[in-house]
Amino acid sequence: MIIIMNKACSDEQIAAVEGKVKAAGMQLNISRGIERTVLGLIGDELVVDKELIEILPGVEKVIRVMKPYKIVSRESQSENSIIDIKGIKLGGNQIQVIGGPCSVETPAQMDAAAQGVVAAGCKMLRGGAFKPRTSPYSFQGLGVEGLELMREAADKHGLPMVTELMDVRQLDYFLQYGVDVIQIGTRNMQNFDLLKEVGRLKVPVILKRGMSATIKEWLMSAEYIAAGGNHNIIFCERGVRSFETAYRNMLDVTAIPVLKRETHLPVIVDPSHAGGKAWMVPALTRAAVAAGADGLLIEMHPSPCDAWCDADQALNPQELKTLVNDVGAIAKVLGRELG
Ligand code: PEP
Ligand code: MN
């Protein structure tokens, strides 16, 4: 952290800043120039509240040198983290596709979905048992029964299951049914108490980007999970709110290389909730892979027009298979491979 004092600052004001900084356990290097006095902090600057220094008399400006996120930062680990989900590796050279319906509906639907996921060459099954719906009158998910149905279908077809956790009160059920990857949805990206709870586990977490979250806020949310001890975090870009109405959300492709530079953790993309229409999903998927995504989260329903939720953005099993083939071809050009 660098503290720039204003031109007219007094020695007493510099001493007051020094006292505050030393009380926080840091050392100070004072550099007196002709125009300005600059104070350089030595130590862990994250323990010092920037605003508490900025309000001190005589201080003009405070500049942080370190990133506010530590564990998730690439500065803390230069090589990519590879997350192991029941032997399936995410974050390495392989690109993983997670497929499945928006919500868990019936045993037959989940069985057909899991079958379609395997036939398409995907390695993990998604599906929501607890659904965050805009309207309280829309289908809210089957709840615990949905976890049970999904576990059955996933086990029958040898797939790990990925499902969204909305509330800490659901956590015991998630552990009971051995949820393999916990999804934290867009609406909960900054639910810090929920993040702290999943931070205490070892279960991999997909952290979706908040619909208007900056990349820095998103990284800080991941830091909450990591700070608790759970470093198995997967970022998922799912589009951000924009002025455009032609699609559901604007897929922020630029976020992929930015995140890959800022963090060692894997980055996946959900093209379904970005576009919001099935016909947009292939183009967005191809762009995501080309931009360096480590995986994809794609909605697929055995019969999209009968889906209880997000029907218009679901691919059918054949469309998913065709798309996964494309992913494999693009991966190959990039020296990567399909998981
Ligand atoms: C979902 O994946 O089912 C979902 C609700 O996504 P998001 O949180 O990105 O809206
Ligand atoms: Mn959905």
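Relative accessible area is read here in three classes, buried being under 20%, exposed over 50% and partly exposed in between, with a 1.4 Å probe and protein chains only. The structure is a predicted model, in which local features need pLDDT of at least 70, side-chain atom pairs count only at pLDDT 80 or more, and totals for chains, interfaces and linings use all residues. Residues are numbered from 1 along each chain as its sequence is written, and side-chain values use heavy atoms, with hydrogens and water left out.

Salt bridges, in which a side-chain nitrogen of Lys or Arg lies within 4 Å of a carboxyl oxygen of Asp or Glu, number 24 in the structure. Among them are the following pairs.

| Pair | Closest N and O atoms |
|---|---|
| Lys7 and Glu35 | 3.0 Å |
| Lys70 and Asp44 | 3.4 Å |
| Asp312 and Lys277 | 3.0 Å |

Lys70, in the loop between strand 4 (59-63) and strand 5 (83-85), and Asp44, in the loop between strand 3 and helix 2 (50-54), are 26 residues apart in sequence, so their pairing ties these parts together; helices (H or I, at least four residues) and strands (E, at least two) are DSSP runs, numbered from the N terminus. Lys70 is partly exposed at 38% relative accessibility, and Asp44 is partly exposed at 31%. In the other pairs, Lys7 is exposed at 57%, while Asp312 is partly exposed at 43% and Lys277 is partly exposed at 34%.

With a disulfide taken as a pair of cysteine sulfur atoms within 2.5 Å, the count comes to zero. Cys309 is in no disulfide, the nearest cysteine sulfur, that of Cys102, being 3.0 Å away. Cys309 is buried, with a relative accessible area of 5%, and Cys102 also counts as buried, at 5%.

Methods:
Chains are lettered from A and ligands numbered from 1 in the order in which they are written.
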